Amino acid sequence: MKNIPIGITAEISQTVEKSMLAVNVGSGSLEVFATPAMAVLMEKVSCICIAEYLENDETTVGTEINIKHISATPENMTVTVKSEVTEVNGREITFRCEAFDDAGKIGECVHKRFLVYGKKFTEKAKSKKSG
């Protein structure tokens with residue numbers, strides 16, 4: 001892993017689609033942007049944030065997400081999620097994420113990811129089936 005600088009950022013935008021609504025994700029009965037869908041975007045943008053610093057078979061896995069969903073977003077509105085690296089402790093990387101729709105802030109989180117080696121990690125996970 002290359003040195004990951006504190007303060008680097010990334011941003012992505014996504015139009016809220018029918019598949020991202022709470023009623024369709026299984027996280028509620030309403031036709032609004034689902035919290036799990038917001039969490040997915042927060043993880044995705046955090047991965048993008050550090051992608052250029054990973055080498056060879058390195059990748060990261062999410063280990064923690066402390067999320068607040070503070071405002072509902074309807075279908076077809078755009079959601080923008082920003083991620084910033086706030087701490088690097090060995091192979092653990094901490095991010096601060098914020099999500100916005102066209103009307104303002106809708107969520108925030110502290111997210112942690114851990115650097116792993118893809119092949120070794122996958123083999124270990126698959127070995128659980130035979131053990």
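This passage walks through the nonpolar core, a buried threonine and the salt bridges of a predicted model.

The largest nonpolar core is a convenient place to start. It holds 27 residues, and of these Phe33, Val81 and Val85 touch the most other members. Strand S1 (9-15), helix H2 (35-50), S3, strand S4 (92-101) and strand S5 (104-117) are the elements that give two or more residues to this core. The most comes from H2, with 7 residues. In soluble globular proteins, nonpolar side chains tend to be buried together. Setting aside neighbours within four places in sequence, Val81 has contacts that include Ala10, Ile12, Leu41, Met42, Val45 and Ala99. Glu11 and Glu98 are also in contact with Val81.

Phe33 leads on to Thr73, since the two residues touch. Thr73 sits in the loop between strand S2 (58-69) and strand S3 (78-89). Is this loop residue, Thr73, buried or exposed? Thr73 has a relative accessible area of 1%, under the 20% cut-off, and therefore counts as buried. Besides Phe33, and again leaving out residues up to four places away in sequence, Thr73 touches Val16, Val32, Val79, Asp101 and Ile106. With Asp101 there is also a polar contact, side chain to side chain, at 2.8 Å.

Charged pairs complete the picture. Side chains of opposite charge can pair when their charged atoms come close. A search of the whole structure gives 5 salt bridges. One of them joins the side chains of Lys18 and Glu75, with an N to O distance of 3.5 Å. This pair links distant parts of the chain, 57 residues apart: Lys18 lies in the loop between S1 and helix H1 (22-25), and Glu75 in the loop between S2 and S3. Glu75 is partly exposed, at 26% relative accessibility. The loop between S2 and S3 thus carries both Glu75 and the buried Thr73.

A second salt bridge pairs Arg113 with Glu43, their closest N and O atoms lying 2.8 Å apart. Here too distant parts of the chain are linked, with Arg113 in strand S5 and Glu43 in helix H2, 70 residues apart. Arg113 is buried, at 5% relative accessibility, whereas Glu43 is partly exposed, at 30%.

Lys105 and Glu108 form another salt bridge, with 2.5 Å between the closest N and O atoms. Both partners are partly exposed: Lys105 has a relative accessible area of 28%, and Glu108 has 22%. Lys105 and Glu108 also belong to a network of salt bridges together with Arg96 and Glu98. Glu98, as noted for the core, is in contact with Val81.

How values were computed: Residues are numbered from 1 along each chain as its sequence is written. This is a predicted model: local features need pLDDT of at least 70, side-chain atom pairs count only at pLDDT 80 or more; totals for chains, interfaces and linings use all residues. Side-chain values use heavy atoms; hydrogens and water are left out. Helices (H or I, at least four residues) and strands (E, at least two) are DSSP runs, numbered from the N terminus. Buried means under 20% relative accessible area, exposed over 50%, partly exposed in between (1.4 Å probe, protein chains only). A polar contact is a pair of N or O atoms within 3.5 Å; within protein, one must be able to donate a hydrogen and the other to accept it, and residues adjacent in sequence count only if both atoms are side-chain atoms. Contact means heavy atoms within 4.5 Å. A nonpolar core is a set of buried Ala, Val, Leu, Ile, Met, Phe, Trp, Tyr and Cys residues joined through side-chain atoms within 4.5 Å. A salt bridge is a side-chain nitrogen of Lys or Arg within 4 Å of a carboxyl oxygen of Asp or Glu.
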